[in-house]
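Trainee: Could you take me slowly through a single part of this structure, saying what lies beside that part and how its surroundings are built up?

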Amino acid sequence: MIQDPTGEYIRTITSHCDLRGAEVLEVGCGAGRITRDLTRHAARVVAVDPDERALAQARAAVTAANVSFLPMPDGVLSFPPASFDIVIYTLSFHHVPLHQMDESLATAAGLVRPGGAVVVVEPGEGGSFTEAKERFGAGSGDERPAQEAAIRAMHALPGWTVGDTVLFRVGFLFTDEDDFISSKLPGFAEQPAAYQQEVRTFLARHRTPEGIVLDAGRRLTVLRRR
């Protein structure tokens with residue numbers, strides 16, 4: 001699978017937040033797909049994630065000299081106050097447990113220097129990949145309740161202003177049906193035949209000469225101090 005082959009994430013981020021010369025903390029870097037692009041614009045990137053396996057993949061994939069990958073046990077951000085110009089959650093804020101969202105965001109805000117920003121990139125609505133998640137439980141499944149909680153937490157952050165939400169779409173390119181199934185539906189072989197056929201019929205509708213192309217809505221929100 002190739003996620004975001006056309007670079008929509010970094011294009012949207014840089015269009016609404018100046019990364020030039022910035023020291024950036026990326027929260028929830030995963031395997032480093034967005035981290036790689038951040039290093040090409042920022043002066044320094046510190047990328048954190050609670051998943052050690054994902055961090056190992058990120059370290060192998062992103063070898064830029066201006067990036068450091070650090071574990072984030074229990075989702076706790078432990079840096080001195082005002083350590084960064086920008087803190088960016090890359091598709092990670094809605095994964096924070098609901099009872100910890102306010103605390104996580106407040107902690108992130110405390111890490112931002114004067115004039116800086118907190119950037120939150122989250123799943124949005126619509127798109128064929130989103131449909132696959134909701135219908136078949138692909139990847140992380142239906143995340144709408146967590147996404148709604150994330151929006152509420154952003155608007156509740158004391159002393160900060162929530163800017164306009166920017167909607168955009170990203171693509172996912174899969175070599176073939178088996179590529180999608182192996183990466184997004186690990187329990188596929190144990191599912192009923194009717195479910196398997198429904199999945200294959202859905203994927204066939206999105207087959208192109210390049211492979212199976214799906215897309216998903218995304219939303220970017222920039223928070224700044226009042």
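Mentor: What follows is a close look at one strand and its partners, and then at a few other places in the chain.

Please keep in mind from the start that this is a predicted model, and that everything below is computed from it. Let us begin with strand S6, which covers residues 112-123. Is this strand largely enclosed or left open by the rest of the structure? Of its twelve residues nine are buried, and S6 is therefore largely enclosed by the rest of the structure.

The next step is to see which strands pair with S6. One partner is strand S5, made of residues 84-90, which runs parallel to S6 and is joined to it by six bridges. Within this pairing you can find Ile 88 standing opposite Val 119 of S6. The path between these two strands is also worth tracing, since helix H4, residues 101-110, makes a right-handed β-α-β unit together with S5 and S6. Another partner is strand S10, residues 211-225, and here the two strands run antiparallel, again with six bridges joining them. In this pairing Pro 123 is the residue that stands opposite Arg 218 of S10.

From S10 we can pick out one residue and look at its surroundings, namely Thr 221, which has its place in that strand. Its relative accessible area is 2%, and because buried means under 20%, Thr 221 counts as buried. If we leave aside residues up to four places away in sequence, Thr 221 touches Val 118, Val 119 and Val 120, and it also touches Met 154, Val 162, Gly 163, Asp 164 and Thr 165. With Thr 165 there is, in addition, a polar contact of 3.4 Å between the two side chains. Val 119, which Thr 221 touches, is also the residue that Ile 88 stands opposite, so that following these contacts in the viewer leads you from S10 to S6 and on to S5.

S10 also has a part in covering a helix. Helix H5 spans residues 128-136, and its buried residues are Ser 128, Phe 129, Thr 130, Ala 132, Lys 133 and Phe 136. Which elements cover them? The cover includes S10, together with strand S8 (166-174), helix H7 (177-184) and helix H8 (193-204). Just after H5 comes Gly 137, whose phi is positive, at about 75°.

A positive phi also appears in two residues other than glycine, both in loops that flank S5. Ala 82, with phi near 55°, has its place in the loop between strand S4 (67-71) and S5, and it counts as partly exposed at 35% relative accessibility. Leu 91, with phi likewise near 55°, is in the loop between S5 and H4, and at 19% relative accessibility it counts as buried, because the cut-off for buried is under 20%.

Finally, we can ask about the cysteines. How many disulfides does a search of the whole structure find? The search finds zero. For Cys 17, the nearest cysteine sulfur is that of Cys 29, and it is 18 Å away, while a disulfide would need the two sulfur atoms within 2.5 Å. Cys 17 is nevertheless buried, with a relative accessible area of 5%, and Cys 29 counts as buried too, at 6% relative accessibility.

Conventions:
Residues are numbered from 1 along each chain as its sequence is written. This is a predicted model: local features need pLDDT of at least 70, side-chain atom pairs count only at pLDDT 80 or more; totals for chains, interfaces and linings use all residues. Side-chain values use heavy atoms; hydrogens and water are left out. Buried means under 20% relative accessible area, exposed over 50%, partly exposed in between (1.4 Å probe, protein chains only). Helices (H or I, at least four residues) and strands (E, at least two) are DSSP runs, numbered from the N terminus. Two strands pair if DSSP finds at least two bridges between them. A crossover is right-handed if, with the strands pointing away from the viewer, the path from the first strand over the helix to the second runs clockwise. A polar contact is a pair of N or O atoms within 3.5 Å; within protein, one must be able to donate a hydrogen and the other to accept it, and residues adjacent in sequence count only if both atoms are side-chain atoms. Contact means heavy atoms within 4.5 Å.
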